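Trainee: Got a minute to go through this one with me? I'd like to start with the charged pairs, then move to the sheet.

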Amino acid sequence: MDLETVLFEVTDHVATITLNRPQAMNGFNQRMLEEFSDIWQTVKTDDDVHVVVLRGAGEKAFCTGMDVKEGIDRHPNVWSQTDPGEYLSPKLNQVWKPVVCAVHGMAAGGAFYWLNEADILICSEEATFFDPHVSYGLTAALEPIGLARRIPLGEALRIALLGLDERVSAARALQIGLVSEVLPRDQLWDRADEIARIIAAKPPAAIQGTVRAIWESLDATRTQALRTGLSYTQIGNPIGKAEVDRSAVPRGRWTLR
């Protein structure tokens, strides 16, 4: 891939994606949308990729949403317009390989297209989260709708309605379940890579089936989700079990969180 806005590399089954527009707070433009569409297709179809790490270059921000100076292409027919999430969101692109997202600095607005669909989300101690849409007279809809599936409804509404007047700290993000771990900035990327490699060492068929079953359950009733989940175990378990020697699985090494 000829990438201009993103860095992409695969090492030992871990694909590391780095948003690389620090001069624009890693805001996405049309080129980044198109590059992510290609990246997710590659991640989806390349069986050498087991896990994804997503992070942002620079010191100030993971991502502050759309680059308002450059904007993105919009179809002149309002009914033919598409949402940026159709390019950026892994699950909308049917990527069932786990995404470990490492957030530092500011994460705002359109950044939630990634945060909402990350499987494991960790952040640095100085990270802040907010959605500025309403402060600029814009309806906050797509980002907080996705966020409301991840954190308590009242917290999602507070983020959406207070706009630029309040930011969620790393400590508060941990309290409400937006992130699962908070680390010093200089440890963030190493920890994200460590988590990804632990997952990548497991049978990929079992991992991908697990991710797909859980995410698809959010759009189904409990009974439908359980029936679909059962079918995924019937499909995936024979493949996953063949990928691992059960007697060689370590049992004595684990960490307590």
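Mentor: Sure. One term before we start: helices here are DSSP runs of H or I, at least four residues long, numbered from the N terminus. Also, keep in mind that this is a predicted model.

Trainee: Fine. Where do Glu 216 and Arg 212 lie?

Mentor: Both sit in helix H8, residues 204-217. They are four residues apart, about one turn of the helix. Their side chains form a salt bridge, 2.9 Å from N to O.

Trainee: Are those two buried or exposed?

Mentor: In between. Glu 216 has a relative accessible area of 25%, so it counts as partly exposed. Arg 212 is partly exposed too, at 32%.

Trainee: Which residues are joined into one network by salt bridges that share partners?

Mentor: Glu 4, Arg 31 and Glu 35.

Trainee: How many salt bridges does the structure hold?

Mentor: It holds 14. One of them pairs Arg 197 with Asp 12, with the closest N and O atoms 3.7 Å apart. That pair links distant parts of the chain, 185 residues apart. Arg 197 is in helix H7, residues 185-200. Asp 12 is in the loop between strand S1 (6-11) and strand S2 (14-19).

Trainee: And is Asp 12 buried or exposed?

Mentor: Exposed, because its relative accessibility is 58% and the cut-off is over 50%. Arg 197 is partly exposed, at 29%.

Trainee: What does Arg 191 pair with?

Mentor: Glu 181, through a salt bridge with its closest N and O atoms 2.9 Å apart. Arg 191 is in H7, while Glu 181 is in strand S10, residues 181-183. They are 10 residues apart.

Trainee: Switching to the sheet. What's the strand order?

Mentor: S1-S2-S3-S5-S7-S10. It is an open sheet of six strands with mixed pairing.

Trainee: Which strands are at the edges?

Mentor: S1 and S10, each pairing on one side only. Neighbouring strands are turned by 20° against each other on average, direction ignored.

Trainee: In what sense do S3 and S5 pair?

Mentor: Parallel, over three bridges. S3 covers residues 51-56 and S5 covers 99-103. Val 53 stands opposite Val 100 in S5.

Trainee: Last one. Which strands does H7 lie across?

Mentor: S1, S2, S3, S5, S7 and S10. H7 runs at about 160° to S7. Helix H1, residues 30-45, lies across S1, S2, S3 and S5. H1 runs at about 10° to S1.

Conventions. Residues are numbered from 1 along each chain as its sequence is written. This is a predicted model: local features need pLDDT of at least 70, side-chain atom pairs count only at pLDDT 80 or more; totals for chains, interfaces and linings use all residues. Side-chain values use heavy atoms; hydrogens and water are left out. A salt bridge is a side-chain nitrogen of Lys or Arg within 4 Å of a carboxyl oxygen of Asp or Glu. Helices (H or I, at least four residues) and strands (E, at least two) are DSSP runs, numbered from the N terminus. Buried means under 20% relative accessible area, exposed over 50%, partly exposed in between (1.4 Å probe, protein chains only). Two strands pair if DSSP finds at least two bridges between them. Axes are lines fitted to C-alpha atoms, for helices over the stretch in contact, and angles run from 0 to 180 degrees between N-to-C directions. Contact means heavy atoms within 4.5 Å.
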